[in-house]
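Good morning, and thank you for joining this group meeting. Please have the sequence and the three-dimensional view ready, as I shall refer to both throughout.

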Amino acid sequence: MGLRINDTAPDFTANSTAGEIRFHDWLDGHYAILFSHPRDFTPVCTTEFSAVAQLAPEWAKRNTKVIGVSVDTVAEHEKWKHDIESLAGNPADFPIIDDTSLTVSKAYDMLPADYYLPTEGRTPAHSATVRTVYIIGPDKKIRLTISYPMSVGRNFAEILRALDAVQATDGKPFAAPANWVPGQDVILALSVSTEDGEKKYGHVETKLPYLRFVKLPA
């Protein structure tokens, strides 16, 4: 059974470019984005890590930590960081986990439990399925998952938008409609009557009996 939304994100202890990390302790009441890669020094992944580095101010504004997972060693990660930072034009200060043991990849259902990586001659194709993004809440629950094939670079503008939508609706009687971006109205949950919605959130715009919009409270 794979991980599902609202499951508790598996805890783990692993070495990383920031030292040993125990994941649940590292979260420390923040949102987190865990994004995984099949190997260091791969072209698409290098562009993705660079994009994450460039977005450092955006993650900070959203009380969100980011952490990368790659099935190579910390020593390889440190070498790779030079390429990432050169492409990004700024530091890559987030940790990158050493997952040569596949502990994290298996815990997060990125590989079959009996998957075998050869010790010699391994290529990214052997771990191609390690291409997943998890958004995790401060309560350590999984909020969102997205998986990508090797040939498709992740759209971190969309991941940032999804994070905004998760945070805007988390624990609130709202939902984000298609293509929602911050500043737009949100959908009022059916559990809230129109009368109560107007008392709490102001004008309720009814498009359909089951589709009502309100302004997102500041």
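Let me begin with a term that I shall need shortly. A polar contact is a pair of N or O atoms within 3.5 Å, and within protein one atom must be able to donate a hydrogen and the other to accept it. Please also keep in mind that the model before you is a predicted one.

With that term in hand, please look at T46, a residue of helix α2. The side chain of T46 reaches the backbone oxygen of T42 at 2.7 Å. Since the cut-off for a polar contact is 3.5 Å, this pair falls within it. Is T46 buried or exposed? Its relative accessibility is 12%, and buried means under 20%, so T46 counts as buried. Leaving out residues up to four places away in sequence, T46 touches F41, W80, I84 and L87.

Beside T46 in the sequence we come to C45, which also lies in helix α2, a helix that spans residues 43-54. An unreviewed UniProt entry places the feature "active site" at C45. How accessible is C45? With a relative accessible area of 3%, C45 is buried. Again not counting residues up to four places away in sequence, C45 touches H37, P38, W80 and R131. W80 therefore appears in both lists, being touched by C45 and by T46.

I now turn to the sheet. In general, strands of a sheet pair through backbone hydrogen bonds, either parallel or antiparallel. Here, 5 strands form an open sheet in the order β5-β4-β3-β6-β7, and the pairing is mixed. Why is one side of β5 and of β7 left without a neighbour in the sheet? The reason is that β5, residues 96-98, and β7, residues 142-147, stand at the edges, each with a single partner strand. From one strand to the next, the twist averages 20 degrees.

Let us take the pairs one at a time. Strand β3, residues 31-37, and strand β4, residues 64-70, run parallel and are joined by 7 bridges. Within this pair, S36 stands opposite V69 of β4. Strands β6 and β7, on the other hand, pair in the antiparallel sense over 5 bridges. There, I135 has L144 in β7 as its bridge partner. The hairpin of β6 and β7 has 5 residues between the strands, and in this hairpin K140 takes a positive phi near 75 degrees.

Helices lie across this sheet. Helix α4, residues 74-88, lies across β4 and β5 and runs at about 155 degrees to β5. Helix α6, residues 156-169, lies across β3, β4, β6 and β7, and its direction is at about 150 degrees to β3.

What, then, do we find in the nonpolar interior? The largest nonpolar core has 26 residues, and those with the most contacts inside it are I33, F35, W59 and F94. At least two residues of this core come from each of β3, α2, α4, β6 and α6. Which of these elements gives the most to this core? It is α6, with 6 residues. As an example of the contacts made by one core residue, W59 touches I33, V52, T64, V66, F156, L160 and L163, not counting residues up to four places away in sequence. Another core, of 18 residues, lies apart from the largest one and includes F12, A32, V104 and I142.

For a contrast with the buried residues, consider N63, found in the loop between α3 and β4. N63 has a relative accessible area of 38% and is partly exposed. Beyond its neighbours within four places in sequence, N63 is in contact with G29, H30 and Y31. How far apart are N63 and S36 in space? From C-alpha to C-alpha they are 20 Å apart, and in sequence they are separated by 27 residues.

Finally, please move along the chain to three further strands. Strand β10, residues 205-208, pairs with β11 in the antiparallel sense over 3 bridges, and a hairpin of 2 residues joins them. In this pair, L208 has L211 as its bridge partner. Strand β11, residues 211-214, also pairs with strand β9, residues 186-188, in the antiparallel sense over 2 bridges. Here V186 is the bridge partner of V214.

Technical notes
Residues numbered from 1 in each chain as written. Predicted model: local features only at pLDDT ≥ 70, side-chain atom pairs only at ≥ 80, totals over all residues. Heavy atoms only, no water. Pairing = 2+ DSSP bridges. Helix = DSSP H or I, 4+ residues; strand = E, 2+ residues; numbered from the N terminus. Axes fitted to C-alpha atoms, helices over the stretch in contact; angles between N-to-C directions. Contact = heavy atoms within 4.5 Å. UniProt positions renumbered as here; feature names shortened; annotations may be inferred. Buried < 20%, exposed > 50% of the residue type's maximum accessible area, 1.4 Å probe, protein only. Core = buried A, V, L, I, M, F, W, Y, C linked by side-chain atoms within 4.5 Å.
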